[in-house]
Amino acid sequence: MAELSLKNHVEKKASAINLRRKPRWGETIIQSLLFFSGFFSIFVTLGIVYELGKEALLFFQMPEVSILESLTTTKWQPHTGNFGIWPLVNSTLMTTVIAMLIAIPLGIAVAVYLSEYAKPRVRNILKPILEVLAGIPTIVYGYFALTFMTPLLREIFGKDVVQIYNTASAGLVMGILILPLISSMTEDALSAVPRSLREAAYGMGATKMEVALQVVLPAALSGVAAAVIVGISRAIGETMIVAVAAGAGPNFTFSPFVGAETITGHIVRISGGDLSYDSIDYNSIFALGLLLFFITLALNIISQTVVRRFREVYE
Amino acid sequence: MKEKMVVQGFADNVDARNRKAMIWHVLFQASTIVGIIALIALMLNIINGAFGYVAYEARVDPDTLAVDGTSIEDQSKEQLVSLLQATLSRGAYNTLDKAKSFADRSREEVYQLVVERIVKPQVVQVWNLWQSLTQADAIRATVAQDHPEAELEFVSWLNADFVRRPQTSESLTAGVRTAILGSLWTILFTILLAFPIGVGAAIYLEEYASDNWLNRIIQTNINNLAGVPSIIYGILGLAIFVRTLEPLTSGEVFGLVDPSTANGRTVLSAGLTLGLLVLPIIIINAQEAIRAVPRSLRNASFGVGATKWQTVWSHVLPTALPGILTGTILAVSRAIGETAPLVVVGASTAISFDPNSPFSKFTTLPIQIYQWTSRPQDEFRSLAAAAILVLLVLLLSLNASAILIRNRFSRRM
């Protein structure tokens with residue numbers, strides 16, 4: 001039977017060329033494997049949201065913890081049942097602000113210099129050097145903060161003012177870490193601005209600085225803003241520098257010369273020892289992780305939206 | 001402003017504007033120089049820490065251990081073993097013998113043990129390279145006065161022994177072999193997970209995916225994942241690989257470990273965690289490489305009747321391969337330097353034996369640096385500096401190989 005139908009089929013085919021697509025199982029299998037690879041990243045995101053959400057929920061269901069209390073009190077001491085989130089958030093913001101005070105102006109200035117001022121030969125030397133800065137592991141920056149920046153700050157401001165662990169040192173070094181990130185993204189945005197705009201400005205008699213600051217930079221503003229937001233997101237999530245140099249122990253303070261633990265620093269210290277499952281410490285790092293995840297996700301989405309919505313499109 | 005310019009004439013204003021332009025030019029240049037100075041300071045600071053004088057005191061004077069006038073440095077292995085047997089308690093000796101029998105140990109290893117267990121040199125003080133070069137006389141005077149028993153020596157903390165020796169708690173005999181091997185084992189599983197899935201995803205998105213909502217979500221999601229802080233991946237790895245998949249990641253399902261002592265904090269968990277971390281980076285880099293393959297190549301292949309996969313496999317991928325490999329190497333060097341996720345996943349710090357299977361406990365180079373940096377004693381800072389140099393050399397050679405691959409293959413195209 002089967003043979004007969006096959007024969008029929010072949011004969012039929014020979015009589016009229018069949019242009020319909022034949023099913024190719026190999027191709028289909030490969031395509032579904034590739035689709036699975038592409039879809040895998042969705043699982044990662046879902047995994048993050050599910051696992052962090054689940055354990056964070058357990059954390060907030062614990063009798064010692066209440067959301068209202070953790071948003072309104074300023075003491076984070078797990079062993080006494082105090083879970084005020086502000087000391088951790090406050091020091092995270094402090095290191096971030098200090099880092100951005102360094103990274104934003106320097107990063108944009110470096111980008112303007114490389115894209116508008118530097119000769120190609122100089123640019124080809126300087127750019128790889130800055131890329132090296134971006135490729136150094138963050139733990140090395142942590143070492144740098146503790147053994148170079150902190151002694152330097154203590155030398156300048158006095159040993160009784162600056163503690164061995166402080167947020168200023170961590171923030172400053174974090175600024176150096178984020179500088180190349182902002183400068184390379186800004187430079188990309190600046191070099192996307194068409195030549196004709198610059199030439200028109202020069203034609204009107206503008207100086208180089210006027211072209212750079214009043215024509216090119218505004219034209220690339222969306223790209224620069226995106227770079228800054230990505231930089232902030234990176235600073236908030238940065239871990240090893242603060243874990244090494246910013247101090248151990250949550251501390252609600254506005255002085256940059258005093259040790260204070262950030263969200264990431266706290267997670268690292270708590271999980272450094274052997275953490276037993278389902279303890280309050282274990283669940284608390286998931287709650288903090290979830291907070292961190294949503295902050296950085298929001299910043300990244302804002303940055304992408306800024307680029308899409310406010311980009312000046314030139315022909 | 002504008003009116004004033006017209007009234008006063010064009011030329012009056014030009015000087016002021018030029019001066020302003022000059023000032024900004026200098027400012028921009030200075031910012032760039034600040035960046036470079038930061039890099040130089042970082043490097044010098046590490047080198048400064050990795051070399052210098054160290055003063056140490058021996059718990060037992062090595063001269064008293066000499067037999068018939070031969071100092072322990074020249075004694076044979078048998079003499080050293082009997083010395084250990086005579087000095088150490090029976091329990092301690094048996095533990096050592098059980099860890100690795102003395103018959104199997106080389107003379108060098110036994111000598112190491114004698115130094116570690118009997119002579120026990122203790123660091124009194126260390127000086128960094130700058131101090132050692134500029135105040136050598138003062139250092140010698142201080143040591144002679146404060147620690148007459150101590151021996152002063154100029155050491156390079158980074159040396160061949162440092163790379164070869166396993167980790168110990170004694171600063172003078174500590175090494176990074178355990179950590180280097182741990183890093184390599186971890187990276188192996190990172191690549192095994194992230195490379196196939198990453199390249200597969202990139203092929204799907206560039207060659208197969210049509211522009212619909214699902215594929216747009218996948219693309220946006222990958223871009224967002226690339227911006228998630230690394231420590232979040234550590235927490236994810238702790239929940240999924242270490243805890244939920246513990247039977248698998250501890251080797252329990254393969255019958256290698258006793259279920260009661262099974263622990264998911266293994267090389268495998270760490271590697272997979274880092275694999276998730278670098279996956280978006282590999283996908284984005286591979287996408288760029290695939291996108292750079294000219295359309296005409298695909299059309300020519302379709303023109304002679306090749307199927308989609310035949311086209312991708314024999315034309316697109318070979319052309320894009322150098323780009324994909326370069327991107328992967330860069331992602332791997334990111335993974336090698338990662339510390340935070342591994343601390344959360346639970347790298348052990350006090351292990352002195354080499355990892356030898358996917359289910360071994362492990363420590364990695366950055367973790368070792370973190371541990372040494374966080375210790376208050378100066379000698380551990382010096383060890384950290386030496387370990388940083390090892391890490392940087394490792395990363396540098398990886399990046400150099402990426403550049404080599406790019407140059408070599410792009411010439412052929």
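Start by colouring chain B by its domain assignment: domain 1 covers 2-49, domain 2 covers 52-164 and domain 3 covers 177-412. Keep in mind as you go that this is a predicted model. If you place a marker at the C-alpha centre of domain 1 of chain B and another at that of domain 3 of chain B, the two lie 41 Å apart.

**Stop 1: the sheet in chain B**

Select strands S1, S2 and S3 of chain B. They form an open sheet in the order S2-S1-S3, with antiparallel pairing. At the edges you will find S2 (121-126) and S3 (151-156), each of which pairs on one side only. Look across the sheet, and you should see neighbouring strands turned against each other by 40 degrees on average, ignoring direction. Now zoom in on S1 (residues 51-58) and S3(B): these antiparallel strands are joined by six bridges. To pick out one pairing, click on Ala55(B), whose bridge partner in S3(B) is Leu152(B).

**Stop 2: two helices within chain B**

Next, show helix H13 (residues 267-291) and helix H15 (residues 308-337) of chain B. Their axes are 8 Å apart and meet at an angle of about 150 degrees, and the crossing is right-handed. Display side chains along the contact: from H13(B) the residues include Leu274(B), Ile281(B), Asn285(B) and Glu288(B), and from H15(B) they include Val316(B), Gly323(B), Gly327(B) and Arg334(B). Colour the full contact by class and you get 14 nonpolar, four polar and two charged residues.

**Stop 3: where the chains meet**

Bring chain A into view. Here 67 residues of chain B are in contact with 69 residues of chain A. Which helix gives the largest share of chain B's side? Select helix H2 (residues 10-50) of chain B, which supplies 20 residues. By class, the side of chain B that touches chain A has 42 nonpolar, 20 polar and five charged residues.

**Stop 4: a helix pair across the chains**

Finally, select helix H2 (residues 25-61) of chain A together with helix H10 (residues 213-225) of chain B. They pack with axes 9 Å apart, at an angle of about 55 degrees, and are therefore oblique to each other. The crossing of H2(A) and H10(B) is left-handed. On the H2(A) side, highlight Gly38(A), Phe39(A), Ser41(A), Ile42(A), Val44(A) and Thr45(A); facing them from H10(B) are Ile218(B), Asn221(B), Ile222(B) and Leu225(B). This contact holds six nonpolar and four polar residues, and no charged ones.

Technical notes. Residues are numbered from 1 along each chain as its sequence is written. Chains are lettered from A and ligands numbered from 1 in the order in which they are written. This is a predicted model: local features need pLDDT of at least 70, side-chain atom pairs count only at pLDDT 80 or more; totals for chains, interfaces and linings use all residues. Domain bounds come from an automatic or database domain assignment. Axes are lines fitted to C-alpha atoms, for helices over the stretch in contact, and angles run from 0 to 180 degrees between N-to-C directions. Helices (H or I, at least four residues) and strands (E, at least two) are DSSP runs, numbered from the N terminus. Angles under 35 degrees count as roughly parallel, over 145 as roughly antiparallel, 65 to 115 as roughly perpendicular and the rest as oblique. A crossing is left-handed if the near helix is turned anticlockwise from the far one by less than a right angle, and right-handed if clockwise. Two residues are in contact if their C-beta atoms, placed from the backbone, lie within 7 Å. Ala, Val, Leu, Ile, Met, Phe, Trp, Tyr, Cys and Pro count as nonpolar, Asp, Glu, Lys and Arg as charged, and the others, Gly among them, as polar. Two strands pair if DSSP finds at least two bridges between them.
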